[in-house]
Amino acid sequence: MTIDLVPGSSGLIDAGGDKKITYFSNKYVLGLTVIAGIGGLLFGYDTGVISGALLYIRDDFKAVDQSSVLQETIVSMALLGAIIGAATGGWINDTHGRKSATLIADVIFAVGSFVMASAPDPYVLIFGRLLVGIGVGIASVTAPMYIAEAAPSEIRGGLVSTNVLMITGGQFLSYLVNLGFTQVRGTWRWMLGIAAIPAILQFSLMLLLPESPRWLYKNRSSSEAIAMLSKIYDPDRLQDELQQLSAALDEERRNRNSVRYRDVFRIKEIRLAFVAGAGLQAFQQFTGINTVMYYSPTIVQMAGFGSNQLALQLSLIVALMNAAGTIVGIYLIDHVGRRKLALSSLTGVILSLILLAVAFFLESSGHANMGWVAVLGLVLYISAFAPGMGPVPWTVNSEIYSESYRGICGGMSATVNWVSNLIVAQSFLSIADAVGIGMTFLILAGIGVVAVGFVVVFVPETKGLTFEEVEKLWRERAWGCGNNGNGTEFLLEDDEA
């Protein structure tokens, strides 16, 4: 059984040029997007909640309070789980579908939340963090893919960015929950355990939703796929979409008998796409976003604000700016484009990281009142990052891969994101202790400069392009405008000769 979110909806996407397609053109697609985006909410909530909960976990478990390594492990064990979840999530999506992958992620996340809430010692807590991370990792691959495959190309960026809005909204919600439970007995247990609620909610709603139309068309039932697509497009546009989809799948079946991981690096156009997607994911993390989100209460305390509650309140401002900036990004990504948005975002990130570095350099030299300058730097950082480098990597990765390789490449690039995330989370406090927090932010600014060069060289503009047009773009980049490529030329043929 599936639900029609808008029975008799007249919001069908019109093939004609007179009707402009907007974010709210079809409430059926928007409803699918919001429900799938609960996976992003889980992602964001877990990212944000641990930063506040850690302040109180240290109070309950003295071993944690006395060990920076144990603190970093509690944070980063979820990232290790996310790496596992993302690495397997692509295969789960390709084999069992986007809907089944979401249901599996919800179950694992809910179980992990209950384990964390009832943990008698730090090591059971760490195991719960691992389970939650696996669920988040699977969801991070699945939600953007599900949304992108149901979205009209004209508004695909904004709809996929809604998943990022859910991530930032989850982070904001986590700070509200952290503040709400500061005076409640079992503070951190409530903070971590309440995360099971959205997982259970999404599981219930996803049972009523259809599978991704593109996955259905390729793997199970073209009639089911057509039924779903008919709720999105009018008859003329539907015919065009089906013709493009059928032609693309026919070409893939002719050229490839099976999907193999090694082909990601051997088939030139797929390799180019993966380098662009994975590079964006890596730079999203190495420019410091989760340094800010995981450790913002700690950074605020290092800036001179000693109270746990005040630190959480100031971090709430950072989370609110993150969510507000993502709303701006939802509009800009389909108007300005992915490439320009990423470049302007990185420019602001670099400048704000330099401001943070200067603030901490001056504070360590004995200058007074640098705490508020550091907090201003955090807010400016989020204002620059959230509209661009927040949604752009996830949007680009949801649309640049061919149908057969979308799950594999999406999972691999998400794995790159989580591995990068793990490296940053596991090393930030240690690096800050070794060279100072000011120098740490300066290093991140330098990485931001490298990221600008990467986007200029490797990332094409995909605004408004259909999946089939994006595939053509990569073939032309790989083999030139006069060569179709056909996906059969291997980069490593000489090695096999």
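Buried means under 20% relative accessible area. I start with that cut-off, and I keep in mind that this is a predicted model.

**Entry 1: helix H1**

I looked up helix H1, residues 27–36. Eight of its ten residues are buried, so H1 is largely enclosed by the rest of the structure. Which residues of H1 are buried? I noted Tyr28, Val29, Leu30, Gly31, Leu32, Thr33, Ile35 and Ala36.

Next I asked what covers the buried residues of H1. The cover includes helix H2 (38–60) and helix H6 (122–150). It also includes helix H7 (156–180), helix H9 (196–206) and helix H11 (222–229).

I then went to the start of H1. There a side-chain oxygen of Asn26 comes to within 2.9 Å of the backbone nitrogen of Tyr28. Tyr28 is one of the buried residues of H1.

**Entry 2: the nonpolar cores**

I turned to the largest nonpolar core and found 56 residues in it. Which of them touch the most other members? They are Val264, Leu353, Tyr381 and Phe441. Helix H17, residues 338–364, gives the most to this core, with ten residues. Another core lies apart from it. I counted 51 residues there, among them Leu54, Ile126, Ile167 and Trp188.

**Entry 3: a nonpolar patch on the surface**

I moved to the surface and found a nonpolar patch. Its residues are Leu351, Ile354, Val358, Phe361, Leu362, Ile431, Val435, Met439, Leu442 and Ile443. Together they have about 760 Å² of accessible area. Which elements give two or more residues to the patch? They are H17, helix H20 (406–435) and helix H21 (437–458). H17 gives the most, with five residues. H17 is also the helix that gives the most to the largest core.

I checked one patch member, Val435, which lies in helix H20. Val435 has 44% relative accessibility, so I put it down as partly exposed.

**Entry 4: two buried residues of helix H20**

I stayed with helix H20 and looked at Ser420, which is found there. Is Ser420 buried or exposed? Ser420 counts as buried because its relative accessibility is 4%. A polar atom of the Ser420 side chain lies 2.8 Å from the backbone oxygen of Val416. The two are four places apart in numbering, and I recalled a general point next. In an α-helix there are 3.6 residues a turn, so residues three or four places apart point the same way. Leaving out residues up to four places away in sequence, Ser420 touches Ala282, Gln285 and Phe286.

Phe428 also has its place in helix H20. Phe428 is buried, with a relative accessible area of 3%. I took one distance from here: the C-alpha atoms of Phe428 and Phe441 are separated by 9.8 Å. Along the chain these two residues are 13 residues apart. Phe441 is among the residues that touch the most other members of the largest core.

**Entry 5: salt bridges**

How many salt bridges are there? The count comes to 13. I looked up three of them.

Arg129 pairs with Asp46, and their closest N and O atoms are 2.6 Å apart. Where do the partners sit? Arg129 is in helix H6 and Asp46 in helix H2. This pair links distant parts of the chain, 83 residues apart. Both Arg129 and Asp46 are buried.

Arg406 meets Glu149 in a salt bridge, at 2.9 Å from N to O. Arg406 is in helix H20 and Glu149 in helix H6, 257 residues apart. Arg406 is buried, with a relative accessible area of 1%. Glu149 is buried too, with 3%.

Glu154 forms a salt bridge with Arg237, and the closest N and O atoms are 3.1 Å apart. Glu154 lies in the loop between H6 and H7, and Arg237 in helix H12 (residues 235–255), so the pair ties together parts that are 83 residues apart in sequence. Glu154 counts as partly exposed, at 32% relative accessibility. Arg237 is buried, with a relative accessible area of 9%.

Last, I looked for linked salt bridges. Asp94, Arg98, Glu149, Arg214, Glu403, Arg406 and Glu468 form a network of them. The pair Arg406 and Glu149, noted above at 2.9 Å, belongs to this network.

Notes:
Residues are numbered from 1 along each chain as its sequence is written. This is a predicted model: local features need pLDDT of at least 70, side-chain atom pairs count only at pLDDT 80 or more; totals for chains, interfaces and linings use all residues. Side-chain values use heavy atoms; hydrogens and water are left out. A nonpolar core is a set of buried Ala, Val, Leu, Ile, Met, Phe, Trp, Tyr and Cys residues joined through side-chain atoms within 4.5 Å. Buried means under 20% relative accessible area, exposed over 50%, partly exposed in between (1.4 Å probe, protein chains only). Helices (H or I, at least four residues) and strands (E, at least two) are DSSP runs, numbered from the N terminus. Patches are made of residues with over 30% relative accessible area and no salt bridge: like charges are joined within 9 Å, nonpolar side chains (Val, Leu, Ile, Met, Phe, Trp, Tyr) within 5 Å. Accessible areas come from the Shrake-Rupley method with a 1.4 Å probe; for residues, only the protein chains shown count as cover. A salt bridge is a side-chain nitrogen of Lys or Arg within 4 Å of a carboxyl oxygen of Asp or Glu. A polar contact is a pair of N or O atoms within 3.5 Å; within protein, one must be able to donate a hydrogen and the other to accept it, and residues adjacent in sequence count only if both atoms are side-chain atoms. Contact means heavy atoms within 4.5 Å.
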